[in-house]
Amino acid sequence: MTTMNLTEKDISALTEQDIIALVARLDQDDYNNPFESLEDWHVLRTILFQRQDLAEPYLHLLDIEAYDEA
């Protein structure tokens, strides 16, 4: 399975379809190793902080607590 590697510029160009594909990979959890899933999880987390409008429907996948970034 191919994971997503993004720069800040790439994140600004993401579409809703890109996020749906990322979330589908996370839901399927069919990665070659656990580090690939962690990489996608970090990408989704980064998207949340930079493009909240795209990632907000998938907050349940991130399990972020109120104190997480304090």
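Leaving aside neighbours within four places in sequence, I19 is in contact with L14, L44, I47, L54 and Y58. The model in which these contacts occur is a predicted one, and I19 is a convenient place from which to read it.

I19 is one of the residues that touch the most other members of the largest nonpolar core, together with L14, L22, L44 and I47. That core has 15 residues, and α2, α3 and α4 each supply at least two of them. In soluble globular proteins, nonpolar side chains tend to be buried together.

The wider setting is a chain of 70 residues, 33% of which are buried. The chain has five helices and zero strands, so that from the N terminus on the elements run α-α-α-α-α. Among contacts in the chain with a separation of 6 or more, 52% are between residues 24 or more positions apart. The chain exposes about 4,800 Å², and carbon and sulfur atoms supply 49% of that area.

Helix α2, residues 16-28, holds I19 and can be followed in more detail. The buried residues in α2 are I19, L22, V23, R25 and L26. These cover an arc of only 155° around the axis, which puts them on the same side of α2. An α-helix has 3.6 residues a turn, so residues three or four places apart point the same way. The face of α2 turned away from the buried side carries the exposed residues Q17, D27 and Q28. The cover over the buried residues of α2 includes α3, α4 (52-55) and α5 (59-62).

The length of α2 can be checked as well. With 13 residues and 1.5 Å a residue, α2 should span 18 Å, and the end C-alpha atoms of α2 are 18 Å apart, which agrees.

What follows α2 in the chain? Just after the helix comes D29, with a positive phi of about 50°, although D29 is not a glycine. D29 sits in the loop between α2 (16-28) and α3 (34-50). Its relative accessibility is 53%, so D29 counts as exposed, the cut-off for that class being over 50%.

One buried residue of α2 is charged and has a partner in another helix. The side chains of R25 and D40 meet in a salt bridge, at 2.8 Å from N to O. R25 lies in helix α2 and D40 in helix α3, so the pair ties together parts that are 15 residues apart in sequence. Is this pair buried or exposed? R25 has a relative accessible area of 14% and is therefore buried. D40 is at 0% relative accessibility, so D40 counts as buried too. The cut-off for buried is under 20%.

The count of salt bridges comes to two. The other pair is D53 with R51, whose closest N and O atoms are 3.7 Å apart. Here the partners fall into separate classes of accessibility: D53 counts as exposed because its relative accessibility is 56%, whereas R51, at 19%, counts as buried.

To return to the starting point, the contacts of I19 include L44 and I47, and both of these, like I19, are listed among the residues that touch the most other core members. On α2, I19 shares its buried side with L22, V23, R25 and L26, and R25 carries the link to D40 in α3.

How values were computed
Residues numbered from 1 in each chain as written. Predicted model: local features only at pLDDT ≥ 70, side-chain atom pairs only at ≥ 80, totals over all residues. Heavy atoms only, no water. Helix = DSSP H or I, 4+ residues; strand = E, 2+ residues; numbered from the N terminus. Buried < 20%, exposed > 50% of the residue type's maximum accessible area, 1.4 Å probe, protein only. Contact = heavy atoms within 4.5 Å. Areas by Shrake-Rupley, 256 points an atom, 1.4 Å probe, with all protein chains shown as cover. Expected span 1.5 Å × (residues − 1). Arc of directions from axis to C-beta. Core = buried A, V, L, I, M, F, W, Y, C linked by side-chain atoms within 4.5 Å. Salt bridge = Lys/Arg side-chain N within 4 Å of Asp/Glu carboxyl O.
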